[in-house]
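Subject: Structure handover

Hello,

Here is the structure for your work. Notes on cavities, a pocket and the sheets follow it.

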Amino acid sequence: MATVKDVARAAGVSAITVSRVVNTPESVSPRTRARVEQAMAELHYVPNAAAKNLVTNRSGVVDVYVPESIDLSNPFVMHLIAGISKVLSEHMYSFLILRSRRREHRCDGYIVTGLLKDEINEFARYASERGRPVVLFGHTELPGVDCIDVDNVAGAKMGVEYLITLGHRNIAMINVDEDKDYTTDRLDGYRLALLEHGLSPEDGRVIYAPNSVDGGAGAVRRILELEGCTAAFCATDTIAIGAASELARAGRTVPEDFSLVGFDGLGHQLLATPPLTSVHQPVYEIGEQLARALLDRLDGRGETCKRLVEPALLQGRSAAAPR
């Protein structure tokens, strides 16, 4: 295998310059760096990751925190991890999926999702005490915490407005029974859409349920007891799938008798019968952005990132004009 000295000889530079190209490339002029990188490629030189980590005082590991309450087989988590993995692997970083903070180990920073509102401050304090950056899938005004989120208010408003344009006037919402930013934001979007179209967002038409198929089924049974409801906006596709199944059991046809719009659009909306109309949040792409934001923070680049990503409506066959 080629060594640092072999690369230095081929590029006409010192071994120290080769080391700088590997460990701190920004400290080497672009012209010299290109010459060294070309020599590395021609000699098939593979940098020693352990040696690089010693120089940079890093572990080469990022912790991705997903609370124990969230199923790792959830499409949201799978898309998120795939996006994070793509970027970290391109930069020769490993990652561990952290389910709790009961055991300590060395890492360089955190990518975090699924926190309750009061847990965001707690985790930021935890990371700060250890001198490690944290990037949040969500949003917070905490200084120094990078955060990227889908615009949940705009997405929920989009889904409810679609039902309104079809002619629905009595629209319920099935929200997730969790104290998280996205549940509040999606409720705000639901109410905003109704108010802007002269409709009353009555509290009795907002049903809270666990984020599960059974939760959606139980919630729609309660909605069917409400007079005049012809449609429901569901805070997640998982809930909407349960609602669609229960409507079928109750002898209601979707969308002829009752319309549904979900939120996530990560593929499992296609498992419903009929396939759901859903607000798509680009979780894979957000995963990529979260990983890049953390790497930028580790390299001392850029300002604190506070970003919202636009959702999009995916047309299915679960919503139609009311009879």
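The largest cavity holds about 40 Å³ of space. This is a predicted model, and the search of it gives a count of two cavities of 30 Å³ or more. Lining the largest cavity are Val112, Leu115, Ile120, Phe123, Ala124, Val134, Leu136, Leu142 and Val145. By class, that lining has nine nonpolar residues, no polar and no charged. Two elements, α6 (117-129) and β4, give two or more residues to the lining; α6 gives the most, with three residues.

The second largest cavity has about 30 Å³ of space. Its lining consists of Asp63, Leu98, Arg103, Glu104, His105, Tyr110, Tyr126 and Arg132. Here the classes are three nonpolar, one polar and four charged.

Next, the second largest pocket. Its volume is about 600 Å³, and 29 residues line it. Ile70, Phe76, Gly114, Lys180 and Tyr182 lie nearest its centre. Elements that give two or more residues to this lining are α5 (75-90), β4, β5 and α8. The lining divides into ten nonpolar, twelve polar and seven charged residues.

On aromatic contacts, the whole structure has six aromatic pairs. In one of them, the ring centres of phenylalanine 76 and phenylalanine 137 are 5.3 Å apart and the ring planes stand at 40°, so the pair counts as tilted. Phenylalanine 76 belongs to helix α5 and phenylalanine 137 to strand β4; they are 61 residues apart, and the pair links distant parts of the chain.

Now the sheets. One open sheet of six strands runs in the order β2-β1-β3-β4-β5-β11, with parallel pairing. Its edge strands, β2 (94-98) and β11 (306-309), each pair on one side only. From one strand to the next the twist averages 20°. Five bridges join β1 (residues 61-65) to β2 in the parallel sense, and aspartate 63 has leucine 96 in β2 as its bridge partner. Aspartate 63 also appears in the lining of the second largest cavity.

Helix α11 (residues 283-298) packs on this sheet, where it touches β1, β3 (110-112), β4 (134-137), β5 (146-150) and β11. The direction of α11 makes about 170° with that of β5.

Another open sheet of six strands has the order β7-β6-β8-β9-β10-β12 and mixed pairing. The edges are β7 (206-209) and β12 (312-314); each has a single partner strand, so one side of each has no neighbour in the sheet. The twist in this sheet averages 20° from one strand to the next. Strands β8 (residues 231-234) and β9 (residues 259-264) run parallel and are joined by three bridges. Within that pairing, alanine 231 stands opposite serine 259 in β9.

Two helices lie across strands of this sheet. Helix α7 (residues 152-165) lies across β6 (171-176), β8, β9, β10 (277-280) and β12, and runs at about 165° to β9. Helix α8 (residues 181-196) lies across β6, β7, β8 and β9, at about 170° to β6. Helix α8 is also one of the elements that give two or more residues to the lining of the second largest pocket.

Regards

Methods. Residues are numbered from 1 along each chain as its sequence is written. This is a predicted model: local features need pLDDT of at least 70, side-chain atom pairs count only at pLDDT 80 or more; totals for chains, interfaces and linings use all residues. Side-chain values use heavy atoms; hydrogens and water are left out. Two strands pair if DSSP finds at least two bridges between them. Helices (H or I, at least four residues) and strands (E, at least two) are DSSP runs, numbered from the N terminus. Axes are lines fitted to C-alpha atoms, for helices over the stretch in contact, and angles run from 0 to 180 degrees between N-to-C directions. Contact means heavy atoms within 4.5 Å. On a 1 Å grid over the protein atoms alone, a cavity is a set of points where a 1.4 Å probe fits but cannot get out, and a pocket is an open set with protein on both sides within 12 Å along at least five of seven lines; lining residues have an atom within 4 Å of a point. Grid points are joined across faces, edges and corners, and a volume is the space filled by probe spheres set on the points. Ala, Val, Leu, Ile, Met, Phe, Trp, Tyr, Cys and Pro count as nonpolar, Asp, Glu, Lys and Arg as charged, and the others, Gly among them, as polar. Rings of Phe, Tyr and Trp (its six-membered ring) pair if their centres lie within 6.5 Å; planes under 30 degrees apart count as stacked, over 60 as edge-to-face and the rest as tilted.
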